[in-house]
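Visitor: I would like to learn how to read a metal site and the strands around it. Can you take me through one case?

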Amino acid sequence: RKYESWEIDEVIFGGLWLLVLFSAYVVRRMFDINVINKEVSRMAYYDSLTELPNRNMVMKLLDEKVYNKSQAGLAVVFIDVDGFKKINDTKGHLVGDEILKQVARRFERCLLSDELLARIGGDEFVILHKVTDKRCSPDLANQLIQVLEAPIRIDGQELYVAVNIGSATWPRDGTSLKELLVHADLAMYEAKNSIRHYVGFDKNVEHSFLREFALFNKLLVGLQMGQFYLLYQPKIELYSSKIVGFEALMRWNEPDLGIINPAEFIPIAEKYKMMNNIGEWLIREACRQLNSWKIEGVEITGRMAINISVQQLEHPEFYNNMVTTIEAEGLTPCMFELEVTESVVMSHPSRTMETLRQLKQGGFTIAIDDFGTGHSSLLYLKKINADTLKIDKSYIDHVATDLSDQTIVKAMVELGRNFNMSVVAEGVETCDQINKLKLLNCDIIQGYYYHQPMPAQDFSDLFRLCN
Ligand code: C2E
Ligand code: CA
Ligand code: CA
């Protein structure tokens, strides 16, 4: 049949209409895909919480060498929020999230237009920082610390946040951005380990990191291979000049590195949660030595003081293990005094208090070590019911000449007396200090003036001679 012209028009019109619909569909799809693409790329390169660029973005910039060698004056600044895990644990994750958002906004206020702030991990931020004559990395670090001085307000609470910051500058501290990032991270790590909040990378930072890493790797092996030993330092009663006790102090003779002092390896062991292994070795070695003196017929009077770390006190089996080891060696807890630093007692009051109470009941005596460095509360002092107060060396150093140190030491001695504790002055080195401590009524002295820490044989010889 022949088609009417209106019928042809309708088909053409319908076809055109379909074409329009199809084009609209295609455009819409393209738009959607664009949106999706944008969203995917946003998710891949931005942090959804703070809306800052994320680690991928920083890595992409590194790969693309956006900040390449022509960018003179570039530094990487690495920022870590101090104790963020504790905030999360105590205040909850929602508060933690809000803190990160507010910290990010405050950091943004410190940036110049061509600088980049990224959140590269849970509580870690990085700034690609443009160094100028007027604004170097320490200046920026100061600014970042300052913007956090005002409290962060969340749901009516005022929270304070501190940060550790490290920086590395091109080309001195690294020639690629990757290297700068690693070195800024190391510098931040150094700041975290020290009392400073900001550290700029240098060779010392790298050296101390490598040293820590080496010690960490060698510690447990050293313990198994018998590289650790104890020295003994007498505690002398002032009025009789007799040895009334002694402290066991650990040393590590590492075949490649030589003799390493506990002031260096104990903080590392604490950081990497190795103190329980070390503590177990210590108590076994202490028992072995006491028994060996017994066999030799040396009658050592006075308690052997051993240092106890917080990780040991927190271990649920600490008390039982100690007592089992000591009794298995035929010894008793009353041969030992346990030295616990003041800061340990203060930072974990309820848990440690219970263990300390148990230890006292079991027959150990307790000494508060480094007294004066850890913000004690008198209430805790009373609750611990310690037997000995050891005044920290920092108060003894100038006690002969400094009036305020004399006043403090006098007050500590009186405090100890009133709580029925004996008071030991640590790190006494001079005759003038001794004379002043006598006047201040201090009972017991430990320090180089009388004796340095010494090997077991020297100590037993000395003991025979003096007592
Ligand atoms: P601390 O418990 O305060 O021990 C006293 C430190 O001061 C010892 O250093 C001792 O040798 C030193 N000292 C004593 N008298 C003087 C003096 O007159 N002048 C000077 N300049 N120093 C003096 P050492 O043996 O290097 O121990 C350092 C720290 O390492 C100890 O401080 C203690 O906190 C820790 N430590 C040592 N051995 C152990 C251990 O077996 N376990 C634990 N957890 N920590 C230990
Ligand atoms: Ca001690
Ligand atoms: Ca001490």
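Visitor: What spacing along the chain do the donors of the calcium ion (ligand 2) follow?

Guide: First, a caution: this is a predicted model. The donors of the calcium ion (ligand 2) follow E-x59-N-x31-E-x29-D.

Visitor: Which residues are the protein donors of that ion, the calcium ion (ligand 2)?

Guide: Read off the residue, then the atom. Glu247 donates through OE, Asn307 through OD1, Glu339 through OE and Asp369 through OD. These donors lie 2.1 to 2.3 Å from the calcium ion (ligand 2). Next, place them on the chain. Glu339 sits in strand β12 (residues 336-341) and Asp369 in strand β13 (residues 365-371). The pair is 30 residues apart and links distant parts of the chain.

Visitor: Is Glu339 buried or exposed?

Guide: Look at the relative accessible area. Buried means under 20%. Glu339 has 1%, so Glu339 is buried. Asp369 has 5%, so Asp369 is buried too.

Visitor: What are the protein donors of the calcium ion (ligand 3)?

Guide: They are Asp369 (OD), Asp370 (OD) and Glu426, which is listed twice through OE. The distances run from 2.1 to 2.5 Å. Here the spacing is D-D-x55-E. Asp369 lies in β13 and Glu426 in strand β15 (residues 422-426), so this pair ties together parts 57 residues apart in sequence. Both Asp369 and Glu426 are buried.

Visitor: Which residue bridges the calcium ion (ligand 3) and the calcium ion (ligand 2)?

Guide: Check for a name that occurs in both donor lists. Asp369 coordinates both ions. The two calcium ions are 4.2 Å apart.

Visitor: Now the strands. In which sense do β13 and β14 pair?

Guide: Parallel, over 3 bridges. Take one bridge as a handle: the partner of Phe371 in β14 is Ile391. Then ask what connects the strands. β13, helix α14 (residues 378-384) and β14 make a right-handed β-α-β unit.

Visitor: How many bridges join β14 and β15?

Guide: There are 4, again in the parallel sense. Leu389 stands opposite Val423 in β15.

Visitor: Which residues lie on each side of strand β14 (residues 388-391)?

Guide: Start with the general idea. In a regular strand, side chains alternate between the two faces of the sheet. In β14, Thr388 and Lys390 are on one side, and Leu389 and Ile391 are on the other. All of these are buried, and both faces of β14 are covered.

Note on methods:
Residues numbered from 1 in each chain as written. Chains lettered and ligands numbered in written order. Predicted model: local features only at pLDDT ≥ 70, side-chain atom pairs only at ≥ 80, totals over all residues. Heavy atoms only, no water. Donors = N, O, S within 2.8 Å, 3.2 Å for Na, K, Ca; no water. Helix = DSSP H or I, 4+ residues; strand = E, 2+ residues; numbered from the N terminus. Buried < 20%, exposed > 50% of the residue type's maximum accessible area, 1.4 Å probe, protein only. Pairing = 2+ DSSP bridges. Right-handed = clockwise from strand over helix to strand, strands pointing away.
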